[in-house]
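User: Hi! I'm new to this one, could you walk me through it?
Analyst: Happy to, let's bring it up.

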Amino acid sequence: QGWIPLLYADYAHRRGAVLTLMASHLREQLAAMHAIIDSPMSRPKVLKVLRMLATVPPFYDALNAYIGTHIHLLSGHGALSFLLTERSSTSTTIVDFTNRRTWLQR
């Protein structure tokens, strides 16, 4: 429970602010979004955030840089494992090929 800053970010006009939000407690924010993704009220907002993370190059790069240094979070019941299977509504994968390959080679 609690406030998840990335859910309320202005992705269209404040990209620098979004990157700042991503720099602080990203794992916790994504894990909290995963916890609420099945809620009918929350799912559209969470999918919107995931879509933006998957399709806006600076966000995609920042997310995958974080994943690259925390690849263990993709494994098993890791906090970010849902990113391997969850696709944004545009069917775009969120985890890049390099991180997927590294995760598979572990």
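**A first look around**

User: Let's start with His 72. Is it buried, partly exposed or exposed?
Analyst: His 72 is partly exposed, as its relative accessible area is 45%, and partly exposed covers values between the 20% and 50% cut-offs. Keep in mind that this is a predicted model.

User: Where does His 72 lie?
Analyst: You'll find His 72 in the loop between H4 and H5.

User: And how far apart are His 72 and Thr 102 in space?
Analyst: Their C-alpha atoms are 10.0 Å apart, with the two positions 30 residues apart in sequence numbering.

User: New topic: which residues touch the most other members in the largest nonpolar core?
Analyst: Leu 50 and Leu 83 do, in a core of 32 residues. At least two core residues come from each of helices H1 (15-22), H2 (26-36), H3 (43-55), H4 (57-69) and H5 (82-85).

User: Which helix gives the largest share?
Analyst: That's H3, with seven residues.

User: How do H2 and H3 pack, then?
Analyst: Their axes are 9 Å apart and make an angle of about 140°. That angle falls outside the ranges for roughly parallel, perpendicular or antiparallel, so H2 and H3 are oblique to each other. Their crossing is left-handed.

User: Which residues meet there?
Analyst: From H2, Leu 30, Met 33 and Ile 36 meet Arg 43, Val 46, Val 49 and Leu 53 of H3. Sorted by class, this contact has six nonpolar residues, one charged and no polar ones.

Technical notes:
Residues are numbered from 1 along each chain as its sequence is written. This is a predicted model: local features need pLDDT of at least 70, side-chain atom pairs count only at pLDDT 80 or more; totals for chains, interfaces and linings use all residues. Side-chain values use heavy atoms; hydrogens and water are left out. A nonpolar core is a set of buried Ala, Val, Leu, Ile, Met, Phe, Trp, Tyr and Cys residues joined through side-chain atoms within 4.5 Å. Buried means under 20% relative accessible area, exposed over 50%, partly exposed in between (1.4 Å probe, protein chains only). Helices (H or I, at least four residues) and strands (E, at least two) are DSSP runs, numbered from the N terminus. Axes are lines fitted to C-alpha atoms, for helices over the stretch in contact, and angles run from 0 to 180 degrees between N-to-C directions. Angles under 35 degrees count as roughly parallel, over 145 as roughly antiparallel, 65 to 115 as roughly perpendicular and the rest as oblique. A crossing is left-handed if the near helix is turned anticlockwise from the far one by less than a right angle, and right-handed if clockwise. Contact means heavy atoms within 4.5 Å. Ala, Val, Leu, Ile, Met, Phe, Trp, Tyr, Cys and Pro count as nonpolar, Asp, Glu, Lys and Arg as charged, and the others, Gly among them, as polar.
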